[in-house]
Amino acid sequence: MAEPGGPDPAVSELQRLVAAEEQRAQFTAQVHNFMDVCWDKCVDKPGSKLDSRTESCLASCVERFIDTTLSITNRFAQIVQKGGH
Amino acid sequence: MEGGFGSEFGAAGGGAGGKLDPGLIMEQVKVQIAVANAQELLQRMTDKCFRKCIGKPGSSLDNSEQKCIAMCMDRYMDAWNTVSRAYNSRLQRERANM
């Protein structure tokens, strides 16, 4: 398969597959983080199913957490630019 | 993850032949990732469900506590799916706007 003296194409294939898995793992790790915050905010006593109010709270929680992250990032960049800290 | 990836992939790494089998290696990688994710899920689920279901810890888990734990586990996984879908949607939307 590999040309003598050339790079093994299986290596770059492996790198590609590993990068895809890393991205998937990052997504999963983020979901765990959201769960940590949003479960406490949205779920009272666990029932026999999640009612629609809870479902919608969980979805909103994710969106608002991301919005908050963006707000903080942007404002912090401005603060730093103005010479603070 | 403990132990790193090196030693477990010796066989799939081709041994004396030196030829990599990406398919075989990735199978093992995916299994390890799945195991680590399951451990993470269980640890966090246990924390949340203990807090929701157990008031003053007694000398054993009574029936209502056990039922609560079972329901809590199911709801935690339902919530996980909801959060996962919401996050995925947001990512798609952000990518569409780029």
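# Helix packing in a predicted two-chain model

Modeller: In chain B of this predicted model, helix α1 (residues 22-53) packs against α2(B) with the axes 9 Å apart and at an angle of about 130°.

Biologist: Why are α1(B) and α2(B) called oblique to each other?

Modeller: An angle of 65 to 115 degrees would count as roughly perpendicular and one over 145 as roughly antiparallel, with under 35 reserved for roughly parallel. The angle here is about 130°, which fits none of these classes, so α1(B) and α2(B) are oblique. The crossing of the two helices is right-handed.

Biologist: Which residues of α1(B) and α2(B) meet?

Modeller: From α1(B) come Leu41(B), Arg44(B), Met45(B), Lys48(B), Cys49(B), Lys52(B) and Cys53(B). They meet Glu65(B), Cys68(B), Ile69(B), Cys72(B), Met73(B), Tyr76(B), Met77(B) and Trp80(B) of α2(B). By class, this contact has 11 nonpolar and four charged residues, and no polar ones.

Biologist: What does Lys52(B) touch, if residues up to four places away in sequence are not counted?

Modeller: Lys52(B), a residue of helix α1 of chain B, touches Cys68(B) in its own chain and also Trp39(A), Val43(A), Asp44(A), Lys45(A) and Pro46(A). Its C-alpha atom is 41 Å from that of Met98(B), which is 46 residues away in sequence.

Biologist: How many helices and strands does chain B have, and what share of its residues is buried?

Modeller: Chain B has two helices and zero strands. Of its 98 residues, 27% are buried. The chain exposes about 6,600 Å², and 55% of this area is supplied by carbon and sulfur atoms. Among its contacts between residues at least 6 apart in sequence, 35% join residues at least 24 apart.

Biologist: How do you know whether Asp62(B) is buried, exposed or partly exposed?

Modeller: A residue is buried under 20% relative accessible area and exposed over 50%. Asp62(B) has 38% relative accessibility, so Asp62(B) counts as partly exposed. Asp62(B) is found in the loop between α1 and α2 of chain B. Its C-alpha atom and that of Asn97(B), 35 residues apart along the chain, are separated by 52 Å.

Biologist: What makes Glu94(B) fall into its class of accessibility?

Modeller: The value for Glu94(B) is 34%. Set against the limits of 20% and 50%, this lies in between, so Glu94(B) counts as partly exposed. Glu94(B) lies in helix α2 (residues 63-96) of chain B. The C-alpha atoms of Glu94(B) and Trp80(B), 14 residues apart along the chain, are 21 Å from each other.

Biologist: Why is Thr54(A) called buried?

Modeller: The relative accessible area of Thr54(A) is 11%, under the limit of 20%, and Thr54(A) is therefore buried. Thr54(A) has its place in helix α2 of chain A. Not counting residues up to four places away in sequence, Thr54(A) touches Cys42(A) and Val43(A).

Biologist: At what angle do the axes of α1(A) and α2(A) cross?

Modeller: The axes of α1 (residues 9-42) and α2 (residues 52-81) of chain A cross at roughly 135° and come within 9 Å. Since that angle is over 115 but not over 145 degrees, α1(A) is oblique to α2(A). The crossing is right-handed. Phe34(A), Val37(A), Cys38(A), Trp39(A), Lys41(A) and Cys42(A) in α1(A) meet residues of α2(A), including Thr54(A), Cys57(A), Leu58(A) and Phe65(A). The residues of this contact divide into 11 nonpolar, one polar and one charged.

Biologist: What makes α2(A) and α2(B) oblique to each other?

Modeller: Their axes cross at roughly 45° and come within 9 Å. The angle is not under 35 degrees, as roughly parallel would require, nor does it reach the perpendicular range that begins at 65, so α2(A) and α2(B) are oblique. α2(A) passes α2(B) in a right-handed crossing. Among the residues that make the contact are Glu55(A), Glu63(A) and Asp67(A) of α2(A), and Arg85(B), Arg90(B) and Arg93(B) of α2(B). By class, the contact of α2(A) with α2(B) has nine nonpolar, one polar and six charged residues.

Definitions and conventions
Residues are numbered from 1 along each chain as its sequence is written. Chains are lettered from A and ligands numbered from 1 in the order in which they are written. This is a predicted model: local features need pLDDT of at least 70, side-chain atom pairs count only at pLDDT 80 or more; totals for chains, interfaces and linings use all residues. Side-chain values use heavy atoms; hydrogens and water are left out. Helices (H or I, at least four residues) and strands (E, at least two) are DSSP runs, numbered from the N terminus. Buried means under 20% relative accessible area, exposed over 50%, partly exposed in between (1.4 Å probe, protein chains only). Axes are lines fitted to C-alpha atoms, for helices over the stretch in contact, and angles run from 0 to 180 degrees between N-to-C directions. A crossing is left-handed if the near helix is turned anticlockwise from the far one by less than a right angle, and right-handed if clockwise. Contact means heavy atoms within 4.5 Å. Ala, Val, Leu, Ile, Met, Phe, Trp, Tyr, Cys and Pro count as nonpolar, Asp, Glu, Lys and Arg as charged, and the others, Gly among them, as polar. Accessible areas come from the Shrake-Rupley method with a 1.4 Å probe; for residues, only the protein chains shown count as cover.
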